[in-house]
Amino acid sequence: MLMNELLEKESHCVEYSCSVGAVNIPKERNLYTVLRRKYSNLAKEAVSQFSALYDSYTNCDDILRKSSSDFQKSICPVIDEIKKELISIERYDWDYDTIYQYANEHGYLNPFYEASDSVCDKIISVNEDLEAQKQYRQERKDNRARWEGGSFGGTVVDNYAHQAELGMMNIAEGIGHSIWNAGANSVSKMVANSELKQIFADTKTRTVIEKGVFEAAFALHHVLIKLISDARQETLWSIPSENDIATAQRLLNNIKSGAVPKEKVNQIYQEILALNPYNLELFENMLSVFGDESGELGTLADYYGVALQDSKDRQALRYVKDIQGETEEDSVKAKEKLIEYCGTLSLPVTDELDCMKYINQRLEDFDLQYRTVDGVVCTTRDSADFAREELQALQAFFGEIAPPTSESLLDYEADLLERRTEFEERFCSELKQKYLDKINGYLSDFDKKFCTTGLLKKVDRKQAGKDRLLKAMKKADTSSLEKIEEVRKSIEELLPKLGLVQEDTAEAVQYLEKQKDKILNPKSGMGMIKGLGKLFKK
């Protein structure tokens, strides 16, 4: 709806009902409210366009070089709309250049430049070259006034962007070179680079700039009103003055503090709505006091362009946190009450609401806690109940199983395999796999230990058996022929435990024969020792 149609269709009073009574809105305020809503939406679209451009930024240099030109690209549709509005009421003497220049010269674009400057100053302050900082700031200031002539969607944006970006690119590159040349050593350069990365990565950096884009783009509707008022002085716009806004805030503060007598509260709300109704804090307060079961408060807020839906969600979230209780049963009841409470706020219940996400997550946490048995998350509550029934017997069974040691032999493995088979047949709850994994872990650990027969020495099972048999012979008491014979007989018992057969005992038997020979021929051993002694004397 362009201005000619707006003046024709909206120059009338409107009335809305709410908890404080009928709200009568004069035609001047209605005109302004409808226009305000339109340009609020255009400002949001400008932010979306700027945000899409910002997505391509990769570092602080991009902010320095591109943000100003991208801001102007993003507000082009708003300025284009203002031009169309003026043409619709036969004002043909305002084009892109003059609208932009007027807005810039009269400070309507300051919200963006102040926000952008706060970020860019932080970036360039990393550079210690004061002259480079001064040059950059002047270049930014000069660029604000640049708006090359042309048509929307054509050279107007491209020409500006090309000129501005070239200028800012040169300055930004100078800043960058100065940063890298400023440090006498690599540490200074690393610190500077780290600071720049932190600035760019900080979400507040983008938020501050985008907030400035919205406020500047939204402020352009005041440019339109000013230009229309100059041409049509008979057209009045009921725009809240600074005094109106301040007075409305004081009245609201007194209501919130309880200073206003109860019988006067509705009257004061009416006065605030007449002074400055474009205040989220006002509607949030009315929502907390009156609720919105009829939906009338939400309708009035929508009319004024005040987004109340998120506030309703936040109020519902506070409510459910207050009543959530300590147990799962408490949370179930809290969810039921929350759904009812959302009805008193005219808040459609969906799983996307923060209040619903909160209580649903709490219920999921309780459910997870219930289904967790001995560290295992069962698929259902019934299966969790069954697991609890098996738990004691299962733990008792497993408690009889010892982990392998470095001395464990194959009989340990055989016994463990039998126990595993018995376990699989006896138990069937969802805890079963946890303990099967432990048993399988014992089996794997046994194999590693059995096949490790020395420091960093890992062999196959056959060789491990031979090494262990020889080790056992060396540990055995071979101090007499009788003892040696006993050890020889014990070999037969060890063979199956080591995975060996008689043919694998040659090394062990040879060792025993040597021990036997030492007993039977002690002089041969002494002769060898004496011979070695004579060798050393020479």
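Tyr32 comes out as buried because its relative accessibility is just 3%, where buried means under 20% relative accessible area, exposed over 50% and partly exposed in between (1.4 Å probe, protein chains only). This is a predicted model, in which local features need pLDDT of at least 70 and side-chain atom pairs count only at pLDDT 80 or more, while totals for chains, interfaces and linings use all residues. Residues are numbered from 1 along each chain as its sequence is written, and side-chain values use heavy atoms, with hydrogens and water left out.

On the aromatic side, the structure holds 24 pairs; rings of Phe, Tyr and Trp (its six-membered ring) pair if their centres lie within 6.5 Å, with planes under 30 degrees apart counted as stacked, over 60 as edge-to-face and the rest as tilted. Tyr32 and Tyr278 make one edge-to-face pair, at 5.6 Å centre to centre and 80° between the planes. Tyr32 belongs to helix 2 (residues 27-54) and Tyr278 to the loop between helix 11 (265-275) and helix 12 (280-290), so the pair ties together parts 246 residues apart in sequence. Helices here are DSSP runs (H or I, at least four residues), numbered from the N terminus. Tyr278 counts as buried too, because its relative accessibility is 12%.

Phe50 and Phe112 are also edge-to-face, at 6.4 Å centre to centre and 70° between the planes. This pair links distant parts of the chain, with Phe50 in helix 2 and Phe112 in helix 5 (residues 110-124), 62 residues apart. Both Phe50 and Phe112 are buried, and they share one aromatic cluster with Tyr54, Tyr57, Phe71, Tyr113 and Phe200.

Charges turn up over rings as well (NZ of Lys or CZ of Arg within 6 Å of the ring centre and within 35 degrees of the ring normal). Arg36 lies over the face of Tyr278, 4.1 Å from the ring centre, and Arg381 has its charged end over the ring of Tyr370, 4.4 Å from the centre.

Turning to Thr505, this residue sits in the loop between helix 21 (481-498) and helix 22 (506-520). Thr505 counts as buried because its relative accessibility is 3%. Neighbours within four places in sequence aside, Thr505 is in contact (heavy atoms within 4.5 Å) with Leu469, Ile491 and Leu495.

Elsewhere, Asp313, Ala316, Leu317, Val320 and Lys321 of helix 14 meet Asp354, Cys355, Tyr358 and Ile359 of helix 16.

Definitions and conventions: Helices (H or I, at least four residues) and strands (E, at least two) are DSSP runs, numbered from the N terminus.
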